[in-house]
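Grab a pencil and try these exercises before you read the solutions. Each one has a task, then a walk through the steps.

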Amino acid sequence: MSLYEKLGGDAAVDAAVDIFYRKVLLDDRISQYFDGIDMAGQSQKQKAFLTMVLGGPNSYTGKDMREGHKHLTGLNDGHVDAVIELLGETLKELGVGDEDIAEVAGLANSVRDDVLNR
């Protein structure tokens, strides 16, 4: 069973992305990177991306992680850590178990160098 299925499929991904971005927009460590962003469009892209990464149906047509983040100046490990932390909090809030949260965190951490363009 894929992680996508274990977490609850589309409904779980939709809920997670909605809660996650509410947290992101309130977090002073990373919220500035979303100023002026169409959050409805961003959420749709993120839902498609997470669905693909978690082993669900692949309908993601956006940029890869390096290309999608290369225009963001000043990104550092602390920003990636904040994203992973907020994602973990979101999943915990949705009742996801620690083992699955750790697996999602590992997936997120695996693209750290791409996000930071190094």
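Below are five exercises on this model, going from the whole fold to single residues.

This is a predicted model, where local features need pLDDT of at least 70, side-chain atom pairs count only at pLDDT 80 or more, and totals for chains, interfaces and linings use all residues. Residues are numbered from 1 along each chain as its sequence is written, and side-chain values use heavy atoms, with hydrogens and water left out.

**Exercise 1. Work out the secondary structure of the protein.**

Step 1: know what to count. Helices (H or I, at least four residues) and strands (E, at least two) are DSSP runs, numbered from the N terminus.
Step 2: count them. You should get 7 helices and 0 strands.
Step 3: read along the sequence, and the pattern is α-α-α-α-α-α-α.

**Exercise 2. Check the radius of gyration of the protein against that of a compact globule.**

Step 1: take the rule, which is 2.2 Å times the number of residues to the power 0.38, with the radius taken over C-alpha atoms.
Step 2: put in 118 residues, and the rule gives a value near 13 Å.
Step 3: compare. The protein has 13 Å, so the two agree.
Step 4: look at the box too. Along the principal axes, the C-alpha atoms fill roughly 40 × 25 × 25 Å.
Step 5: add the contacts (heavy atoms within 4.5 Å). Of those with a separation of 6 or more, 74% join residues 24 or more positions apart.

**Exercise 3. Find the largest nonpolar core and say which helices supply it.**

Step 1: set the rules. A nonpolar core is a set of buried Ala, Val, Leu, Ile, Met, Phe, Trp, Tyr and Cys residues joined through side-chain atoms within 4.5 Å. Buried means under 20% relative accessible area, exposed over 50%, and partly exposed in between (1.4 Å probe, protein chains only).
Step 2: see how much is buried at all: 38% of the 118 residues.
Step 3: pick out the core. The largest one has 22 residues, and Tyr 21, Val 24, Leu 54, Leu 91 and Val 104 have the most contacts inside it.
Step 4: trace the helices. Helix 1 (3-7), helix 2 (9-26), helix 3 (39-53), helix 5 (77-93) and helix 6 (98-109) each supply at least two residues of this core. Helix 2 gives the largest share, 6 residues.
Step 5: spot the second, separate core of 6 residues, which includes Phe 49, Met 65, Val 115 and Leu 116.
Step 6: zoom in on Val 104. Not counting residues up to four places away in sequence, Val 104 touches Leu 3, Leu 7, Leu 54, Leu 87 and Leu 91.

**Exercise 4. Are Lys 47 and Asp 100 buried or exposed?**

Step 1: place them. Lys 47 sits in helix 3, and Asp 100 is in helix 6.
Step 2: check Lys 47. Its relative accessible area is 12%, so Lys 47 is buried.
Step 3: check Asp 100. This one has 13%, so Asp 100 is buried as well.
Step 4: list the partners, skipping residues up to four places away in sequence. Lys 47 touches Val 13, Asp 14, Val 17 and Asp 18, while Asp 100 is in contact with Leu 3, Lys 6 and Leu 7.

**Exercise 5. What is the sign of phi in Asn 117?**

Step 1: recall the usual case. Most residues other than glycine have a negative phi.
Step 2: read the angle. Phi of Asn 117 is near 55 degrees, a positive value in a residue other than glycine.
Step 3: locate Asn 117 in the segment after helix 7 (112-115).
Step 4: check the surface. With a relative accessible area of 46%, Asn 117 is partly exposed.
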